[in-house]
Amino acid sequence: MRVLAIETSCDDTAAAVLDDRGVRASIVASQDLVHGKYGGIVPELASRQHLLAILPVIERALADAAVTLDDIEAVTATYGPGLVGSLLVGLQVAKGIAFDRGLPFVGVNHLEGHLLAILLDRPVAFPYLGLLVSGGHTSLYLVEDLGRYRQLGRTRDDAAGEAFDKGAKMLGLGFPGGREIDRRAAAAAGDRAAVRFPRASLKRGLYDFSFSGVKTSLRQYLLDDGGAALEDVCASFQEAIVEMLVTPTLKAARDLGATTIVVSGGVSANSRLRTVMTEAGAAAGFDVAFPRFAYCTDNAAMIGYAGRARLLRGERHDLTLNASATLPIGVGA
Ligand code: KG4
Ligand code: ZN
């Protein structure tokens, strides 16, 4: 089954073509330049930018896959969670194509896409532990099967990517700032112990996360003009976030007897998180897997994987399917 997949849940316009041989094309048009000068995503601008980009992005994906719309056999798109004005653009274009062509259509939960993205690269046996770390989410799941996701923990305040982005803004770095902090810390071999930022440890909700404390202490450190070099502050701030992600994840893996830990979402591109999770995971006897970089940040290939699996199981959504900003994911979702 050759599937066209569309993803517009936030600020990336993405389309992909997948068939039984895997991903044939995956195109992502970033809006970073549009939102960069505001230091954060402006929802209305994101929707308008999706409207401009969506058809050229689909055309590029079809051209890269060396197919035309006539070759597409089913359509899938993200229908939540996310910015509703952004979701509506991709969802409506997907439904329009399905309507015009009389093709089967299914909507996909964006979080399911992230949790399954690893399967585009390699097989992983169920159940596995899935840490989802992005700009909007920081949650831990037991991925029991396709469509069965048991949430074990979540952030109590900011998402890890949000903490990186807000920290980067305080440091006067560009948007989105996570990548920038990572780059600065790595390029100059920043001293990770230069500043000792606090690590939140939550008693209730064993596998929960919290990043507001580290964010506040960075603000205070800068107000007090602590004096460390920028790359050292970046490395220390990053180290605190990474440690607060790795500790509950390893604890959950031990408690639940999972053998594989999969880290996905935009923050899984973080080089220090990759190193620490892999080394600490291996030392504790776990297999730690990350999707390739292009499938870590928002993309339509992961939506295509989840959508195609659902379509192959015979699942369909009616073309009245609406976008949902807060679409939950869970067992049987
Ligand atoms: O998954 P994603 O592309 O979008 C959603 O939030 O759904 O994640 C974007 C987030 C941003 O907060 C960005 O700063 C962060 O991922 N990010 C990183 C890195 N690359 C992207 N954070 C830390 N280190 C990175 N290398
Ligand atoms: Zn995402």
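This report covers the zinc site and the ligand 1 site of a predicted model.

**Zinc site**

Three residues supply the protein donors of the zinc ion (ligand 2): His110 and His114, each through NE2, and Asp298 through OD. These donors lie 2.0 to 2.2 Å from the ion. Along the chain their spacing reads H-x3-H-x183-D. The two histidines of this pattern belong to helix α4, which spans residues 110–116. His110 and His114 are four residues apart there, about one turn of the helix.

Four donor atoms surround the zinc ion, and the angles they subtend run from 91 to 153°. The arrangement is irregular because this range goes beyond the 135 degrees allowed for a tetrahedral site.

Both histidine ligands of the zinc ion can also be placed by accessibility. Histidine 110 has a relative accessibility of 6% and therefore counts as buried, the limit being under 20%. Histidine 114, at 1% relative accessible area, is buried as well.

**Ligand 1 site**

Ligand 1 is surrounded by 19 residues, and the closest are Gly135, Asp165, Asp182, Gly266 and Asn270. Polar contacts of ligand 1 include those tabulated here.

| Residue | Protein atom | Ligand 1 atom | Distance |
|---|---|---|---|
| Gly135 | polar backbone atom | oxygen | 2.8 Å |
| Gly136 | polar backbone atom | oxygen | 3.3 Å |
| Asp182 | polar side-chain atom | nitrogen | 2.9 Å |

On its own, ligand 1 has 550 Å² of accessible area, of which the protein covers 89%. Gly135 and Asp182, listed in the table, are also among the closest residues to ligand 1.

Note on methods:
Residues numbered from 1 in each chain as written. Chains lettered and ligands numbered in written order. Predicted model: local features only at pLDDT ≥ 70, side-chain atom pairs only at ≥ 80, totals over all residues. Heavy atoms only, no water. Donors = N, O, S within 2.8 Å, 3.2 Å for Na, K, Ca; no water. Tetrahedral: all angles 85-135°; square planar, octahedral: opposite > 155°, others 65-115°. Buried < 20%, exposed > 50% of the residue type's maximum accessible area, 1.4 Å probe, protein only. Near = heavy atom within 4 Å. Polar contact = N/O pair within 3.5 Å; in protein donor to acceptor, adjacent residues only side chain to side chain. Areas by Shrake-Rupley, 256 points an atom, 1.4 Å probe, with all protein chains shown as cover.
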